[in-house]
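Visitor: Please take a close look at a single chain and leave the rest aside. Give each term with its cut-offs as you go.

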Amino acid sequence: MLKRLIYSREGVLSIIVLAMFFGVGVISPDFISLSNSVSIFNDTSILIMLALGQMLVILTRCIDLSVAANVAFTGMFVAMVNQYFPELHMSLLIFLSLFIGALLGAINGLFVWLLKVPSIVITLGTMSIYRGATFLLSDGAWVNSHQMSESFIGLPRYEILSMPVLGWMAVAAIILFFWAMKFSVWGRNFYSAGGNPMAAFYSGVNVGKVQFYAFLVSGTLSGLCGYLWVSRFAVAYVDVANGFELQVIAACVIGGVSIVGGLGSVVGCVIGALFIGVVNNALPIIGVSPFWQMAISGLVIIIAVIANATSGKDKARIILRNPNANDEIRAN
Amino acid sequence: MKSTLVKSLVLACSTLVASHSIAAEEVRVALLVKAMGIGFFEAAYRGAEEARKELGDVEIIYTGPTSTTAEGQIEIINSLIAQRVDAIAVSANDADALVPSLKKAQQRGIKVISWDSGVGQAGREVHLNPSSNSLIGRMNVKLAADAVAQKGKTSGTFAILSATPTSTNQNIWIEEMKKSLGEFSNLKLVDTVYGDDLADKSFREATALIKNHPDLDVIVAPTTVGILAAAQAVSDLGLTGKVYVTGLGLPSELAGHVHSGAIHSFAIWNPIDLGYSATMLAYNLVKGKGTKTEIPMGRMGTLELDKNGDGAMAKPFIYDASNVDEFSSIF
């Protein structure tokens, strides 16, 4: 049991993350303090939530490049609503961010489902469209901290048991996803739709519809993260989260979500995001030169992809050998 | 007598026609900015409009790419050449990449000046610095000294949070800041980090600065995204009044942090004046006013040029709680 845990991808990854974490702790003891660990988790929360949504999309053999643009658009939208109607209740604004995010995700999903267009093409397009729409919406102007209401900025910072609400939201998302992906038919369908679409089709799974759901969930989470991002950094502008979609996809890839679909776990995905979170937070602490920071982040992704490619081969062999391939994957 | 009357009438008419045709042939000045939708450049455009109203016979074409890339600006320059504008005033995303296309523009008789962020000498006739680099560098150190004084201390430490490590003007300012340290012997520079002009990275770098240097008094961020993220990090860590943030930013973006106390004071040149001056310079070049050493720029006086065609507008203006609200409604 223990051996299996250690040899599993999640096990190896956790060991690497912990080794890195304590390695930095040797140089800077303050880094491994409880309060700093909480702040790293909090800092990574948005990445975790987006990576979970992205995982569903990648599981179904698709990719969502529009997440960061969705974050920017929704963030700008709710920030502007808050700016002009500061008396609106926060629950309404959060609902609004979920709704707009879902809407943008549904646009991606409908194209993929009904028109069968490759998702990379659709989301490449909508990425630019959503970013452009953010510009048109705001006319390029920024929404600054003093134009946002106190509760708007305060909500994700509100501490419960010395962790901010932002962190608790990520915890809630992780638990929800863990349950859904492990125990609900709805969640298992993502694996079967991506693992073997033909088999899924014959067993009555509507692959296109499952892909639509994946984009819907990814979009909804992006919408929520749009609000969280804008309130956390207390500023909304067109370039918010520029290029962040690559970090989200990297978190999934590092976490063992196979880019060819059907393989991946919630735990792996979360550890992949935490890996990036630790790298992002550790490199400035130990004073690594900014050029090395870029190179190291890139190197880490390549190593993860190589590890992924080799582990993917094993799975392919298992599928060839084992008639109960789906069960094998489910057992992961 | 009669003939002179007719003559003068004809002369008057022809002058009228001539002046009318001049009015119809407005000077078309393209104000090419780093990217659309940046508060700073929107404010510069207001200044250009001000110049247009003052001059009367100018048409301003305010344009720029959607993101800060040199490629985007080159495409626009090519289309401006095709439209046969009279002058291009550019704030460049890259000092070298724009030179070939701007050279082409000059060969077609278009007057080219750069402002805010310059291009290589071959690509333009005049460069208008918003302020001189040494003045900006010194101003940033002075702001740090002011913040230390605000804490009631006689000496203190500060760190710099810059944009990208390759940003030319940021690096020049950092050099100038180091040079002016001799003048402020009570200040010690402890670290320089880079937030890449991204809110999340700047936020993390600022947090790391505070953690790595527990005795840090001031963070100086000569970049709009950086100063904002650092101020947010300081107030999130509950260190308002203990660590001050200062640097260069826009009043509209920083007013909140000035009132919360995370920022005591900061500086920026006036982008309205900058846009105004750039338009005036471009106009006067087209009209052939001005010499190799100086060019008039309306209410801003005269720009004095060095042998490279560089000139500086003025020293940066300091904003604090007393005046930030007044300016935050403007830019």
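Guide: Accessible areas are obtained by the Shrake-Rupley method with a 1.4 Å probe, and for residues only the protein chains shown count as cover. For chain A this gives an accessible surface of about 15000 Å², 73% of it from carbon and sulfur atoms. The model is predicted, so local features need pLDDT of at least 70 and side-chain atom pairs count only at pLDDT 80 or more, while totals for chains, interfaces and linings use all residues. Side-chain values use heavy atoms, without hydrogens and water; residues are numbered from 1 along each chain as its sequence is written, with chains lettered from A and ligands numbered from 1 in the order written.

Chain A has 15 helices and four strands, where helices (H or I, at least four residues) and strands (E, at least two) are DSSP runs numbered from the N terminus. Its radius of gyration is 20 Å, close to the 20 Å from the globule rule for 332 residues, so chain A is as compact as a globular protein of that length. That radius is taken over C-alpha atoms, and the rule is 2.2 Å times the number of residues to the power 0.38. Along the principal axes, the C-alpha trace of chain A spans about 60 × 55 × 35 Å.

Of the 332 residues in chain A, 55% are buried; buried means under 20% relative accessible area, exposed over 50%, and partly exposed in between (1.4 Å probe, protein chains only). Among contacts (heavy atoms within 4.5 Å) in chain A with a separation of 6 or more, 78% join residues 24 or more positions apart.

As for charge, Lys and Arg count as positive and Asp and Glu as negative, with His and the chain ends not counted; each charge is placed at NZ of Lys, CZ of Arg, CG of Asp or CD of Glu. The 16 positive and 13 negative charges of chain A have mean positions 17 Å apart.

Helix α4 of chain A covers residues 67-84 and reaches 26 Å from first C-alpha to last, close to the expected 26 Å (1.5 Å times one less than its number of residues). Of the 18 residues of α4(A), 15 are buried.

Most residues other than glycine have a negative phi. Arg61(A), in the loop between α3 (34-59) and α4 of chain A, has a positive phi of about 65° and is partly exposed at 44% relative accessibility. Ala234(A) also has a positive phi, near 55°. This alanine lies in the loop between α11 (207-232) and β4 (235-236) of chain A, and at 1% relative accessibility Ala234(A) is buried.
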